[in-house]
Amino acid sequence: MNEFEKEIDAAFQAAWHADKGGDAKWSGFMEQYGAEPLTDGLKKELLNSEMKISRGAFPIELRRVMEKIMAKHPNEAKTFAMDQKVLEYYQKIKPFSGLNDIFANASTGTQKYSQGLQKEKHNTIKCKNCGAPRLEEMQYDNCLFCGSALFETA
Ligand SMILES: [Zn+2]
């Protein structure tokens with residue numbers, strides 16, 4: 001592991017070992033990197049959203065720390081697959097949901113398929129990376145949950 005990978009791994013572990021939605025230790029970790037935390041209001045909104053997590057900090061906060069690490073190591077960062085790493089993290093913190101998880105695992109990388117199995121409205125704009133629906137009442141470009149810039153109309 002090079003320095004870049006070590007830092008990414010440390011951030012990943014710190015986020016993963018945080019309490020659900022983050023805790024003081026994680027906040028300190030983010031602060032060290034100068035990464036901006038979610039507001040309390042947004043955290044509450046995400047905790048009540050359909051994007052359930054069973055533990056750990058929110059993926060978007062991990063992304064913000066990893067962005068800082070990428071800025072520190074621009075060369076190594078060139079080949080770093082951020083969306084993939086954030087998705088890998090999300091897979092680790094989401095609650096086990098039995099059959100849905102088996103489907104999700106069977107179609108690795110095709111979030112759309114498992115999303116299609118859920119009783120959800122069409123016309124909802126979803127994040128291509130994690131599948132989070134875009135909140136219609138708010139204006140924003142990047143996914144609130146994982147921070148990806150990829151939205152699509154389902
Ligand atoms: Zn997302």
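Trainee: Helices here are DSSP runs of H or I with at least four residues, strands are runs of E with at least two, and both are numbered from the N terminus, so how many helices and strands are there in the chain?

Mentor: The chain has eight helices and two strands, and, read from the N terminus on, its elements come in the order α-α-α-α-α-α-α-α-β-β. Keep in mind that this is a predicted model, in which local features need pLDDT of at least 70 and side-chain atom pairs count only at pLDDT 80 or more, while totals for chains, interfaces and linings use all residues. Residues are numbered from 1 along each chain as its sequence is written.

Trainee: OK, and at what angle do the axes of H4 and H6 cross?

Mentor: The axes of helix H4 (residues 59-72) and helix H6 (residues 82-93) cross at roughly 140° and come within 10 Å, where axes are lines fitted to C-alpha atoms, for helices over the stretch in contact, and angles run from 0 to 180 degrees between N-to-C directions. H4 is therefore oblique to H6, since angles under 35 degrees count as roughly parallel, over 145 as roughly antiparallel, 65 to 115 as roughly perpendicular and the rest as oblique.

Trainee: Is that crossing left-handed or right-handed, and which residues make the contact?

Mentor: H4 passes H6 in a right-handed crossing, meaning that the near helix is turned clockwise from the far one by less than a right angle, whereas anticlockwise would be left-handed. On the H4 side the contact (C-beta atoms, placed from the backbone, within 7 Å) is made by Pro59, Leu62, Arg63 and Met66, and on the H6 side by Met82, Lys85, Val86, Tyr89 and Tyr90. Sorted by class, the contact of H4 with H6 holds seven nonpolar, no polar and two charged residues, with Ala, Val, Leu, Ile, Met, Phe, Trp, Tyr, Cys and Pro counted as nonpolar, Asp, Glu, Lys and Arg as charged, and the others, Gly among them, as polar.

Trainee: And how do H1 and H4 pack?

Mentor: Their axes are 10 Å apart at an angle of about 160°, and H1 and H4 are therefore roughly antiparallel to each other. The crossing of H1 and H4 is right-handed. From H1, Phe4, Glu7, Ile8, Ala11, Phe12 and Ala15 meet Glu61, Leu62, Val65, Met66 and Ile69 of H4, and the residues of this contact divide into nine nonpolar, no polar and two charged.

Trainee: Let me pick one of those: is Val65 buried or exposed?

Mentor: Val65, which lies in helix H4, is buried, because 26 other C-beta atoms lie within 10 Å; the cut-offs are 20 or more for buried, 12 or fewer for exposed, and partly exposed in between, with C-beta atoms placed from the backbone. Leaving aside neighbours within four places in sequence, Val65 is in contact with Ala11, Met30, Tyr33 and Ala35. The C-alpha atoms of Val65 and Phe12 are separated by 9.3 Å, although the two residues are 53 apart along the chain.

Trainee: What about Phe4, how does that count?

Mentor: Phe4 in helix H1 counts as partly exposed, because it has 18 C-beta neighbours inside 10 Å. Not counting residues up to four places away in sequence, Phe4 touches Ile69, His73, Glu76 and Ala77, and its C-alpha atom is 9.7 Å from that of Met66, 62 residues apart along the chain.

Trainee: Switching topic, how many residues has the largest nonpolar core?

Mentor: That core, a set of buried Ala, Val, Leu, Ile, Met, Phe, Trp, Tyr and Cys residues joined through C-beta atoms within 7 Å, has 27 residues, and those with the most contacts inside it are Leu62, Cys130, Ala132, Phe145 and Cys146. Helix H1 (3-17), helix H2 (24-33), H4 and H6 each supply at least two residues of this core, and H4 gives the most, with five residues.

Trainee: And what does Cys130 touch?

Mentor: Not counting residues up to four places away in sequence, Cys130 touches Pro59, Leu87, Tyr90, Cys143, Phe145, Cys146 and Ser148.

How values were computed. Two residues are in contact if their C-beta atoms, placed from the backbone, lie within 7 Å.
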